Amino acid sequence: MPNSHVTQNPKVTGSPNTQELYAILNFQSQILEKVAQDATPEQIFDDICRFIEQSIPACVASIMLFHVI
Amino acid sequence: MLFDSAHQQLHVTCAPSLPPNAIDAFNGLEPAIGAGSCGTSAFMGIPVLAVDIANDSRWDHLRDVAEQFDIQACWSYPIILDEHQVNGTIAISSFTPRTPHPFHIKLLEAATNVISIVLKRVDSQKALDHTAHLLNNITQTMPGALYQYRLTANKQQEFTYLSSGIKQMTGVSAEDACNNFGLIWKQVHPEDKAQLWTSIAHASQHSLAWSHEFRIFHLNGELKWLRGSSLLEEEVVDGKQIWNGVFLDITPEKASIEKLRLAGIAFSNTNDGIMIADKNNVIVDINQAYADISGYSREELLGQSPTLLKSNKHSPAFYQSIWDTLEIHKHWQGEIWNKRKSGEIVPHLVNINAVLDPSSQELTHYVSVLADISGIKASEAKLSHLVHHDALTNLPNRLLFSARLDHAITHRNTNEKIAMLHMDLDRFKHINDSLGHTYGDELLIQVTARLTQTLNPTDIVARVGGDEFAILVEELDDNDDASRVADNIVAAMEQPFTLNGHDYFTTASIGIAIAPDHGEDIDVLTKNADIALNQAKDLGRNNYALFQPELSESVEEWIKLEPQLRKAISEKQFRLFYQPQMDRSGNNIIGAEALIRWQHPERGLISPIHFLGIAEEIGLMKKIGNWVLEEAFQQLAIWRQAGLRSFKLAINLASDQITKQNLPDKISSLLNAYKIPPDMIELEILETFLLEHQHESSKTFTELRALGINLALDDFGTGYSSLSYLKKLPINKIEIDQSLVRDIPEDANDEAITKAVILLGHTLDLKVCAEGVETPEQRAFLEIEGCDQLQGYLFSKPIDPADFSNLLRQHNRLVALEA
């Protein structure tokens with residue numbers, strides 16, 4: 001499909017600041033900890049969405065999958 | 001392109017802040033370019049960052065949904081587990097147009113990573129579950145129990161895994177057994193524990209594959225055989241060994257082996273010969289007994305056909321019938337005469353089974369079980385001989401004779417005749433009684449020897465009773481042939497027999513019946529030979545007689561008269577006839593013998609020889625005899641009144657009259673009733689009666705004599721009387737039997753006997769009367785010899801009372817009173 005007809009993604013440049021990186025690291029740690037604790041996928045996905053929504057004001061997070069778990 | 005299925009749909013798996021109707025709107029989203037950020041990202045496998053949805057072509061298909069829920073920006077990242085597979089998307093949506101910061105991008109990337117990890121974990125868990133399920137299914141359906149066993153350095157044992165099959169084998173559940181190894185160990189048979197442990201220790205020490213069979217008790221008490229096999233896992237940590245293996249229940253296998261072992265013992269040790277042949281009837285195995293019975297070694301028989309043992313005693317049809325039976329019934333049993341290696345022909349009892357393949361039902365083998373029944377056959381033959389032969393003479397007995405006679409009659413050629421001779425020894429009873437059974441038996445053996453010498457080897461002689469013999473002579477041309485055989489036998493028997501150093505005489509009487517003339521079955525022929533034997537005895541013994549059909553017929557006819565005979569007395573059908581007895585000159589009547597006749601309403605006058613036998617058999621003789629006495633006394637009274645004097649009326653006595661009543665009382669009352677002087681009555685007793693009842697009847701005769709009655713011995717010369725008792729008996733007269741008188745003067749023997757009897761009588765001071773005098777020559781002879789009285793047709797036949805009255809008148813015996 002020719003790219004000219006499809007809207008392109010904006011270019012996002014630069015890196016998150018240290019605080020943001022810590023937040024991401026913290027996020028990953030928390031989620032992996034859940035995984036290690038044998039939490040169900042549903043609980044983990046819920047935690048991911050809520051963490052994102054808490055981290056970014058005025059947004060909604062969602063996960064869509066082809067296969068129902 | 002990463003996404004390859006247009007038909008797959010995305011589902012909202014998690015969206016904690018989206019309202020339900022928004023979730024519904026996005027559910028089932030099919031990936032495509034234009035299907036929003038998530039649909040496009042999933043389709044293309046790349047992040048889609050829509051910063052202003054209103055002007056973004058990637059939302060072309062979903063713009064109304066975006067407007068409905070006021071979504072103005074949406075950043076979506078694909079979730080990719082491996083390089084080729086998009087599993088879904090994660091998205092951040094905003095209600096204002098919005099461009100992501102690097103933080104947002106990193107956050108999304110971090111989220112997709114952890115989601116991937118979670119999804120991989122889910123997949124792994126699924127795969128693990130699937131494997132466990134599969135393993136479980138396999139172990140459930142496998143026979144036996146799979147296990148994992150751990151042995152520590154200090155020999156601690158445990159099952160780290162056991163499949164559920166262990167419960168069926170031991171009654172202990174897999175779970176319990178894994179928790180407590182002792183539960184299984186304590187069920188092992190005490191005698192097998194030490195060996196089991198030794199085998200485990202050995203395998204463990206040398207890291208060898210382990211396999212061992214042992215017994216274990218099921219919790220229900222049943223003893224099972226298990227076979228355990230296991231292999232050591234390669235890694236040994238801290239001296240711990242992990243063994244993976246299986247336990248199998250081999251109880252049925254052990255039972256089969258035991259059965260086979262026993263069958264093998266039976267096969268080797270049975271006394272019956274067992275031979276196994278393949279479907280082509282080639283011998284594949286035999287046991288020792290078969291070798292012994294057949295005389296061939298195993299090596300000589302293997303590969304051979306059982307026809308090696310064939311004798312020529314059976315027809316090909318016989319063998320064919322065996323095959324036919326095997327074909328249909330798969331089994332045959334019977335006796336076969338086989339030939340041993342030595343050439344000896346022996347009887348075998350044989351059981352043959354056709355063996356079929358259990359699944360295909362096709363013939364695979366024949367199994368023959370064979371028993372040598374020579375011994376049984378010999379015993380059978382011996383028994384048969386005992387059953388069919390007389391132990392004393394070893395001659396065939398009546399049973400075998402009847403069978404031979406039957407066979408001879410059945411297989412007789414049309415023109416051929418068969419004779420059955422029934423022989424009876426005339427004086428056997430006398431010899432047996434006087435010398436004892438030992439000499440009686442000896443006599444029978446000598447008689448047998450003479451018979452055998454006299455007869456042809458093809459003739460069959462049998463002992464059919466105490467002193468009775470039967471002889472079967474086949475292939476006769478005419479009846480005279482049979483007579484000649486009988487004549488030879490009679491002649492052979494006339495010679496004396498030496499018993500205990502002395503000579504004894506016995507003679508034979510023989511009755512002959514010929515097939516087909518006198519009957520064509522054994523019963524008729526036997527009966528007729530018997531009748532002929534009686535005829536021969538009537539002829540005076542030491543003789544033979546050919547059966548005369550007309551006599552037999554009359555006998556049978558007369559037997560029908562029995563009920564009529566019973567009525568004859570009450571119906572007053574009996575008559576007394578009188579035959580005069582003359583003095584020595586033959587000119588003067590000195591007495592008469594009263595003789596009974598039966599005046600049958602339909603058949604006319606019947607002679608006593610035709611009915612007295614029947615009367616005796618049916619117990620009528622006492623009644624008839626007493627009627628005769630009464631009638632005779634009555635008639636004598638009439639004649640006395642008519643002037644008869646010096647006259648003796650002879651009346652025959654029947655045995656039952658003497659033995660079954662008080663005869664002297666009877667006679668005494670008759671004498672009184674009819675006023676008859678006792679010396680006018682002469683009672684005749686048969687010589688044969690005296691032979692049998694000498695002792696018990698002597699008192700009767702003495703009493704009769706005391707009454708003044710005369711006693712005469714009738715039919716003298718036929719009964720082989722002992723002279724000693726003649727002397728003791730209170731008799732006055734003997735009557736010479738007519739059979740002796742009949743052949744005078746032709747038969748010198750009879751003449752001599754008659755002379756001797758007369759002389760004897762006179763020596764004992766007895767009167768002698770000759771019966772049956774028919775010719776002047778006989779009369780002359782008897783006169784010369786001094787016989788006191790004569791009786792017979794020469795003077796008068798028996799006549800009725802009226803005629804006798806006339807006769808008396810002619811002789812001037814009744815004149816006096818009539819004048």
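This is a short talk through some features of a predicted model with chains A and B.

Okay, let's start with how far the predictor trusts itself. For the complex, it reports an ipTM of 0.95 and a pTM of 0.40. In chain B, pLDDT averages 88, and 95% of the residues score at least 70. Where is confidence highest and lowest in chain B? The high end is strand β2, residues 48-50 of chain B, at 96. The low end is helix α31, residues 815-818 of chain B, with a mean of 49. Also keep an eye on residues 1-5 of chain B, where pLDDT stays under 50. For that stretch, the model has 12 contacts beyond four places in sequence.

A quick word on chain A. It has 69 residues, and 35% of them count as buried. Going along the sequence you get the pattern α-α-β, so to speak, two helices and a strand: 2 helices and 1 strand. Chain A exposes about 4300 Å², with carbon and sulfur atoms supplying 51% of that.

Now over to chain B, and a strand I'd like you to find: β28, residues 733-736 of chain B. As a reminder, side chains in a regular strand alternate between the two faces of the sheet. So what sits on each face of β28(B)? One side has Lys733(B) and Glu735(B), the other has Ile734(B) and Ile736(B), and all of these are buried. Both faces are covered, in other words.

What about the neighbours in the sheet? Strand β27, residues 710-716 of chain B, runs parallel to β28(B), and 3 bridges join them. One pairing to click on is Phe716(B), whose bridge partner in β28(B) is Ile736(B). Then there's strand β29, residues 767-770 of chain B, also joined to β28(B) in parallel, by 4 bridges. Here Lys733(B) has Lys767(B) as its bridge partner in β29(B).

Next, let's go to the surface. Leu383(B), Leu386(B), Val387(B) and Leu399(B) make a nonpolar patch of about 390 Å². Which element gives the most to the patch? That's helix α13, residues 374-388 of chain B, with 3 residues. Leu383(B) belongs to that helix, and Leu383(B) counts as exposed because its relative accessible area is 53%, over the 50% cut-off.

Last stop: some backbone details. Most residues other than glycine have a negative phi, and most peptide bonds are trans. With that in mind, here are three spots in chain B to look at.

First up, the peptide bond between Ala515(B) and Pro516(B) is cis, with omega about 5°. Pro516(B) is in the loop between β20 (508-515) and α18 (522-538) of chain B.

Then Asp70(B), a residue other than glycine, has a positive phi, near 60°. You'll find Asp70(B) in the loop between α3 (63-68) and β3 (73-82) of chain B. Is Asp70(B) buried, exposed or partly exposed? With a relative accessible area of 40%, Asp70(B) is partly exposed.

And Ser207(B) isn't a glycine either, yet its phi is positive, about 50°. Ser207(B) sits in the loop between α8 (190-206) and β7 (210-217) of chain B. Ser207(B) is partly exposed, with a relative accessible area of 45%.

That's my tour, thanks for listening.

How values were computed
Residues numbered from 1 in each chain as written. Chains lettered and ligands numbered in written order. Predicted model: local features only at pLDDT ≥ 70, side-chain atom pairs only at ≥ 80, totals over all residues. Heavy atoms only, no water. Buried < 20%, exposed > 50% of the residue type's maximum accessible area, 1.4 Å probe, protein only. Pairing = 2+ DSSP bridges. Patch = residues over 30% accessible without salt bridge, like charges linked within 9 Å, V, L, I, M, F, W, Y side chains within 5 Å. Areas by Shrake-Rupley, 256 points an atom, 1.4 Å probe, with all protein chains shown as cover. Salt bridge = Lys/Arg side-chain N within 4 Å of Asp/Glu carboxyl O. pLDDT = per-residue confidence, 0-100. Contact = heavy atoms within 4.5 Å.
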